Amino acid sequence: MEFLKKLEKGWAAVLFSLAILLIFYNAYPNSWKFIVSILLAYLVADVAKYFMIRGGKGIKQFPFLGTTQTQHDGHSYLIFLVYIILGTILGAYIGDYVAKNFIVNMVGWMNILIPNGIIVLLVYLDFWITFKEK
């Protein structure tokens with residue numbers, strides 16, 4: 001249980017998740033690609049959501065329209081669906097582009113540590129932005 005206590009700290013959780021990704025990278029490369037694809041698609045979709053739809057407590061707004069008017073449920077659902085699809089497609093495209101143009105050129109420890117470190121840090125940044133005190 002001491003291990004779980006240490007994971008209460010943000011930095012410890014980030015290092016733990018990085019270690020897990022590094023293990024998967026080395027032991028199960030296909031699983032690693034799948035996990036990174038999921039994380040990247042989520043991150044891109046979350047950024048797309050920020051620009052496409054906002055709200056809470058029954059209020060739904062479309063910032064890209066330049067209005068703060070509350071939108072209808074049906075329209076909001078369709079925008080929500082579109083952002084999920086676009087985020088996933090864009091995430092896959094970005095992941096493929098980065099893999100072909102950057103990761104393939106890295107050698108040694110950089111090939112392992114940099115892509116995993118970037119994903120973990122982006123997830124933590126998204127977590128921090130999402131749950132920071134307002």
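The legends below describe close-up views of a predicted model.

**View 1. Asp126 and its surroundings in helix α5 of the predicted model**. Asp126 is found in helix α5, which spans residues 109-131, and with a relative accessible area of 14% it counts as buried, because buried residues are those under 20%. The side chain of Asp126 makes a polar contact with the side chain of Tyr42, at 3.4 Å. When residues up to four places away in sequence are not counted, Asp126 touches Tyr42, Leu43 and Asp46, and these three residues also take part in the contact that α3 makes with α5.

**View 2. The packing of helix α3 with helix α5**. Helix α3 comprises residues 29-52, and α3 and α5 pack at an angle of about 35°, with their axes 11 Å apart. The crossing of these two helices is left-handed. From α3, the contact is made by Trp32, Val36, Leu39, Leu40, Tyr42, Leu43 and Asp46, and from α5 by Pro115, Asn116, Ile119, Leu122, Val123, Asp126 and Thr130. Divided by class, the residues of the contact of α3 with α5 are 10 nonpolar, 2 polar and 2 charged. Asp126, shown in the preceding view with its polar contact to Tyr42, is one of the residues that α5 contributes here.

**View 3. The packing of helix α2 with helix α5**. Helix α2, residues 10-27, packs with α5 at an angle of about 140°, with the two axes 9 Å apart, and α2 is therefore oblique to α5. The crossing in which α2 passes α5 is right-handed. On the α2 side the contact is made by Gly10, Val14, Ser17, Leu18, Leu21, Leu22, Tyr25 and Asn26, and on the α5 side by Asn111, Ile112, Leu113, Asn116, Gly117, Ile119, Val120 and Tyr124. The residues of this contact of α2 with α5 divide into 10 nonpolar, 6 polar and no charged. Asn116 and Ile119 of α5 take part in this contact, and Asn116 and Ile119 are also among the α5 residues that meet α3.

**View 4. Ser31 in helix α3, shown together with Leu21**. Ser31 has its place in helix α3, and at 31% relative accessibility this residue counts as partly exposed, because that value lies between the limits of 20% for buried and 50% for exposed residues. Ser31 and Leu21 are 10 residues apart along the chain, and their C-alpha atoms are separated by 9.6 Å. Leu21 is one of the residues through which α2 makes its contact with α5.

Conventions:
Residues numbered from 1 in each chain as written. Predicted model: local features only at pLDDT ≥ 70, side-chain atom pairs only at ≥ 80, totals over all residues. Heavy atoms only, no water. Helix = DSSP H or I, 4+ residues; strand = E, 2+ residues; numbered from the N terminus. Buried < 20%, exposed > 50% of the residue type's maximum accessible area, 1.4 Å probe, protein only. Polar contact = N/O pair within 3.5 Å; in protein donor to acceptor, adjacent residues only side chain to side chain. Contact = heavy atoms within 4.5 Å. Axes fitted to C-alpha atoms, helices over the stretch in contact; angles between N-to-C directions. Parallel < 35°, antiparallel > 145°, perpendicular 65-115°, else oblique. Left-handed = near helix turned anticlockwise from the far one by under 90°. Nonpolar A, V, L, I, M, F, W, Y, C, P; charged D, E, K, R; others polar.
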